[in-house]
Amino acid sequence: MKITSSILWVMVLISLLSSSCQSDAVFDQTESLAENGWVQKKQIVFPFEIKDTVTVYDLRVAIRQSNEYPFYNLYFNCWLIQEKQGVWKKAFAEAILYDPKTGKPKGGGLGDMYSHSYTILKGLKFPRRGKYRVALEQYMRTDTLKGVVSVGASLVPSPL
C-alpha cells in the first residue's frame with residue numbers, strides 16, 4: 001500500500017504537536033476568574049514543590065484577557081514564598097496588553113480574547129527543597145478588573 005504525501009504530512013504534524021506538548025516545567029497552573037474579573041485584594045496562589053536545588057529556573061506569568069479590559073496595561077505584584085521561611089523573592093511587574101498609541105492588542109489570540117506570557121523572575125536557584133507558593137495580586141487603581149479571564153504561572157528551567 002502506498003502512503004500519499006498528504007497522509008505523511010499529517011503524521012509528521014501529529015508527531016511534532018505531541019512532542020511539543022511535553023514540558024519539563026516544575027508546575028504550570030492557570031486559574032480562571034469569575035465573569036466580573038480580577039478583584040484587587042484577591043491573591044491568586046499556586047503551590048508547588050522543589051526537589052532540585054541545582055537547576056536554575058525562570059518564573060513566567062500568563063494573562064488572558066478579553067476586549068472588555070479597559071486599560072492598555074496591567075500592574076501586578078508577584079511573590080515567591082517558602083512554606084516556613086516566608087517571602088523569598090518579590091517583583092512588581094507591568095504587563096502591556098495593548099499598544100498605548102494605536103490601541104492594537106498585543107499577544108496572541110482569536111476574536112476578542114488575547115493571551116500574554118511574561119518572564120517575571122529569571123535565573124532562580126532555590127536555596128532548599130520543599131514547598132513553595134507563587135502569589136499574584138493585581139495592582140491597578142480599580143478594585144475589579146473586568147476583562148481579565150485567567151491568570152497563570154509556570155516555573156521552567158532557564159535557557160541560560
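**Entry 1: a hairpin to begin with**

I started at a turn: a hairpin of three residues joins β5 to β6. This is a predicted model, and I kept that in mind throughout. I then looked up how the two strands run, and β5 and β6 pair in the antiparallel sense over ten bridges. Strand β5 covers residues 73–82, and strand β6 covers residues 86–96. For one pair to find on screen, I picked Asn73, which stands opposite Ile96 in β6.

**Entry 2: the other partner of β5**

I checked β5 against β9 next. These strands also pair in the antiparallel sense, over seven bridges. Here I marked Phe76, whose bridge partner in β9 is Gln138. Then I asked myself how many residues of β5 are buried. I found that nine of the ten are, so this strand is largely enclosed by the rest of the structure.

**Entry 3: stepping back**

I wanted the whole picture before going on. The protein has one helix and eleven strands. Reading from the N terminus, I met the helix and then the strands, as the order is α-β-β-β-β-β-β-β-β-β-β-β. Of its 160 residues, 35% count as buried. I also looked at contacts with a separation of 6 or more, and 78% of them are between residues 24 or more positions apart.

**Entry 4: an open sheet**

I traced a sheet of five strands and wrote down its order, β1-β11-β4-β8-β7; it is open, with antiparallel pairing. Which strands lie at the edges? They are β1 (27–32) and β7 (108–110), each of which pairs on one side only. From one strand to the next the twist averages 15°. Within this sheet I followed β4 (residues 57–66) and β11 (residues 148–157), which pair in the antiparallel sense over nine bridges. My marker there is Tyr57, with Pro157 as its bridge partner in β11.

**Entry 5: the nonpolar core**

I looked up the largest nonpolar core and found 35 residues in it. Which of them touch the most other members? They are Trp38, Phe76 and Leu136. I then noted where the core residues come from: β3 (44–50), β4, β5, β6, β8 (113–124), β9 and β11 each supply at least two. In soluble globular proteins, nonpolar side chains tend to be buried together.

Phe76 deserved a second visit. Leaving out residues up to four places away in sequence, I found that Phe76 touches a list of residues including Trp38, Val61, Ile63, Phe92, Ile120 and Leu136. Glu137 is on that list too, which took me to my next stop.

**Entry 6: a buried charge**

I located Glu137 in strand β9, residues 130–138. Is Glu137 buried or exposed? I found it buried, yet without a salt bridge. The nearest side chain of opposite charge belongs to Lys41, 5.3 Å away. A salt bridge would need a distance within 4 Å, so Lys41 does not qualify. Setting aside neighbours within four places in sequence, I listed the contacts of Glu137 as Trp38, Gln40, Lys41, Gln43, Phe76, Asn77 and Trp79.

**Entry 7: a loop to finish**

My last stop was Glu68, in the loop between β4 and β5. What does Glu68 touch, apart from residues up to four places away in sequence? I found Lys146 and Gly147. I also checked Glu68 against Gly37: they are 31 residues apart in sequence, and their C-alpha atoms are 9.7 Å apart in space.

Definitions and conventions. Residues are numbered from 1 along each chain as its sequence is written. This is a predicted model: local features need pLDDT of at least 70, side-chain atom pairs count only at pLDDT 80 or more; totals for chains, interfaces and linings use all residues. Side-chain values use heavy atoms; hydrogens and water are left out. Helices (H or I, at least four residues) and strands (E, at least two) are DSSP runs, numbered from the N terminus. Buried means under 20% relative accessible area, exposed over 50%, partly exposed in between (1.4 Å probe, protein chains only). Lys and Arg count as positive and Asp and Glu as negative; His and the chain ends are not counted. Contact means heavy atoms within 4.5 Å. Two strands pair if DSSP finds at least two bridges between them. Axes are lines fitted to C-alpha atoms, for helices over the stretch in contact, and angles run from 0 to 180 degrees between N-to-C directions. A nonpolar core is a set of buried Ala, Val, Leu, Ile, Met, Phe, Trp, Tyr and Cys residues joined through side-chain atoms within 4.5 Å.
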